[in-house]
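Me: I have a model open and would like to talk through it with you. Could we start with the ligand and then move outward?

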Amino acid sequence: MQSNFSVKQFIEASFFAAFVFIIGTIAFRGLLSILVPTTSLRYLVYLPILWAALRLGQRGATTTVLILSVFAIIETVRGFGPFPQGSLSERLLLLQAFMSVIAATSLLLAAVETERKNLVKRKDDFIGLASHELKTPLTSIKAFTQLAQKYVEKKEIKKAGNSLQQLNTQITKLERLINDLLDISKINAGKLAFRKEHLSFLELVLNTVESMQASTDTHRISVKNHIKNGTTMIYGDKDRITQVLANLLTNAIKYSPSKNKILVTIQSNKRYAIVSVRDYGIGITHEEQEKLFQIYYRAHGTNQNVFPGLGMGLYLAYSIVYEHRGKIWAESQLGKGSTFYISLPIAKRADK
Ligand code: ADP
């Protein structure tokens with residue numbers, strides 16, 4: 001398999017090298033100039049450039065532009081080339097301008113194509129992970145149902161109750177996952193609906209923290225508040241903003257397995273209500289911080305056993321906050337922990 005692939009690559013590279021040479025000769029040597037004017041033939045260089053940009057990525061496109069530029073300079077100095085009129089320096093200047101446009105086009109194309117390939121790869125990874133994430137709770141549901149049935153038959157009601165409770169936890173997990181998947185498809189179709197109302201920012205944050213604290217016994221969430229209740233109102237969808245905050249808190253817990261402290265800070269400035277969620281966990285590198293809010297992006301790889309997840313939460317959070325004209329961002333240091341911030345515009349009528 002592996003050797004077939006390399007042979008294929010070798011054949012393509014050989015064809016490509018021959019193609020670059022032929023096109024270079026036609027475009028810059030004026031090989032077919034009896035049939036077609038040299039000034040038109042120069043546009044043929046777009047063919048290998050497009051090939052390189054779409055098939056070989058950014059490095060391939062840059063190399064091809066370099067090879068063609070060397071070719072073009074040599075032929076122009078020798079008196080051939082696509083710019084026959086003027087002194088040598090004028091011709092070289094025109095050539096430079098022409099090749100710059102070619103280089104810019106090819107690099108842009110290659111960047112778009114690389115991004116497209118990354119997205120396809122992330123989507124493929126995602127499908128694998130999503131099937132795994134859907135199957136795990138289903139397997140547990142099946143096992144707990146059988147267990148509950150067995151206890152009921154034996155009339156061991158307390159044990160049956162425990163199994164049903166576990167069953168409920170797994171069903172909730174599954175429900176959350178399916179809801180996230182549905183939300184993603186609604187966002188992509190531009191159909192995520194919002195029911196906006198005036199809300200007390202402080203109340204919303206405190207309620208979310210309270211319910212998250214009730215569902216975890218591994219971490220202690222403390223709150224540092226700098227605003228007075230009722231003074232900072234926002235206009236938004238309560239459930240959606242709660243969903244964003246809950247996601248940040250869930251991540252803070254998930255990605256700080258060996259620390260038990262999480263700090264939520266609530267503050268405001270003239271225009272925005274701001275909440276931050278600080279953890280002291282594994283952190284994120286600087287380069288990865290820029291990509292965190294992209295769909296299906298997972299900074300810590302796809303190893304589901306260490307940190308299960310699908311890379312949907314922060315994308316959803318970003319989309320929801322964006323819809324509220326707010327901002328979401330992260331500051332982090334690898335190994336030291338992360339702070340995620342959300343800022344939402346303060347609603348006008350609340351400035352009392
Ligand atoms: P998920 O956690 O399901 O993978 P998210 O969209 O919520 O998806 O997060 C995307 C990625 O961002 C995660 O896979 C993780 O690598 C990184 N991440 C998010 N929150 C934190 C955090 N508090 N600390 C470290 N990494 C984080």
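Me: Which atom of Asn 251 lies close to an oxygen atom of the ligand, and at what distance?
Reply: It is a polar side-chain atom of Asn 251, and it lies 2.8 Å from an oxygen atom of the ligand. Please keep in mind throughout that this is a predicted model, so the distances are computed from predicted coordinates.

Me: Which polar backbone atoms have an oxygen atom of the ligand at 3.0 Å or 3.2 Å?
Reply: A polar backbone atom of Ala 299 is 3.0 Å from an oxygen atom of the ligand, and for a polar backbone atom of Gly 313 the distance to a ligand oxygen is 3.2 Å. As for cover, the ligand on its own has 530 Å² of accessible area, of which the protein covers 97%.

Me: Which residues come nearest, out of the 20 around the ligand?
Reply: Asn 251, Tyr 255, Arg 298, His 300 and Leu 314 come nearest among those 20 residues.

Me: And what is the make-up of that shell, in terms of nonpolar, polar and charged residues?
Reply: The residues of the shell divide into nine that are nonpolar, eight that are polar and three that are charged.

Me: Which helices and strands supply at least two residues each?
Reply: Helix H7 (238-254), helix H9 (313-323) and strand S7 (337-345) each supply at least two residues of the shell around the ligand, and the largest share, three residues, comes from H7.

Me: Switching to the backbone: what is odd about phi at Tyr 296?
Reply: Tyr 296 is not a glycine, yet its phi is positive, at about 65°. In general, most residues other than glycine have a negative phi. Tyr 296 is found in the loop between helix H8 (286-289) and H9.

Me: Is Tyr 296 buried or exposed?
Reply: Tyr 296 is buried, because its relative accessible area is 12% and the cut-off for buried is under 20%.

Me: What about Arg 325, where is it and what is its phi?
Reply: Arg 325 sits in the loop between H9 and strand S6 (327-333), and its phi, near 60°, is again a positive value in a residue other than glycine. Arg 325 is exposed, with a relative accessible area of 70%, whereas Tyr 296 is buried.

Me: Salt bridges next. How many does a search of the whole structure find?
Reply: The search finds seven salt bridges. One of them joins the side chains of Arg 55 and Glu 12, with an N to O distance of 2.7 Å. Arg 55 lies in helix H3 (residues 46-77) and Glu 12 in helix H1, so this pair ties together parts that are 43 residues apart in sequence.

Me: How accessible are Arg 55 and Glu 12?
Reply: Arg 55 is exposed, at 54% relative accessible area, while Glu 12 is partly exposed, at 22%.

Me: And where does Arg 116 find its salt-bridge partner?
Reply: Arg 116 forms a salt bridge with Glu 113, and the closest N and O atoms of the pair are 3.0 Å apart. The two residues are three apart in helix H4 (residues 88-153), which means that about one helical turn separates Arg 116 from Glu 113. Arg 116 counts as partly exposed, at 47% relative accessibility, but Glu 113 is buried, at 12%. Elsewhere, Lys 154, Glu 156 and Lys 159 are joined into one network by salt bridges that share partners.

Me: Which residue pairs with Arg 78?
Reply: The side chain of Arg 78 meets that of Glu 75 in a salt bridge, with 3.6 Å from N to O. Glu 75 counts as buried, at 6% relative accessibility.

Me: Last topic, the surface: which residues make the nonpolar patch?
Reply: Val 7, Phe 10, Ile 11 and Phe 15 make a nonpolar surface patch of about 450 Å². Of these, Ile 11 lies in helix H1 (residues 2-29) and is partly exposed, with a relative accessible area of 42%.

Me: One more, how far is Lys 224 from Val 264?
Reply: Their C-alpha atoms are separated by 6.2 Å, although Lys 224 and Val 264 are 40 residues apart along the chain. Lys 224 lies in strand S2 (residues 220-225) and counts as partly exposed, at 45% relative accessibility.

Methods: Residues numbered from 1 in each chain as written. Predicted model: local features only at pLDDT ≥ 70, side-chain atom pairs only at ≥ 80, totals over all residues. Heavy atoms only, no water. Patch = residues over 30% accessible without salt bridge, like charges linked within 9 Å, V, L, I, M, F, W, Y side chains within 5 Å. Areas by Shrake-Rupley, 256 points an atom, 1.4 Å probe, with all protein chains shown as cover. Salt bridge = Lys/Arg side-chain N within 4 Å of Asp/Glu carboxyl O. Helix = DSSP H or I, 4+ residues; strand = E, 2+ residues; numbered from the N terminus. Buried < 20%, exposed > 50% of the residue type's maximum accessible area, 1.4 Å probe, protein only. Near = heavy atom within 4 Å. Polar contact = N/O pair within 3.5 Å; in protein donor to acceptor, adjacent residues only side chain to side chain. Nonpolar A, V, L, I, M, F, W, Y, C, P; charged D, E, K, R; others polar.
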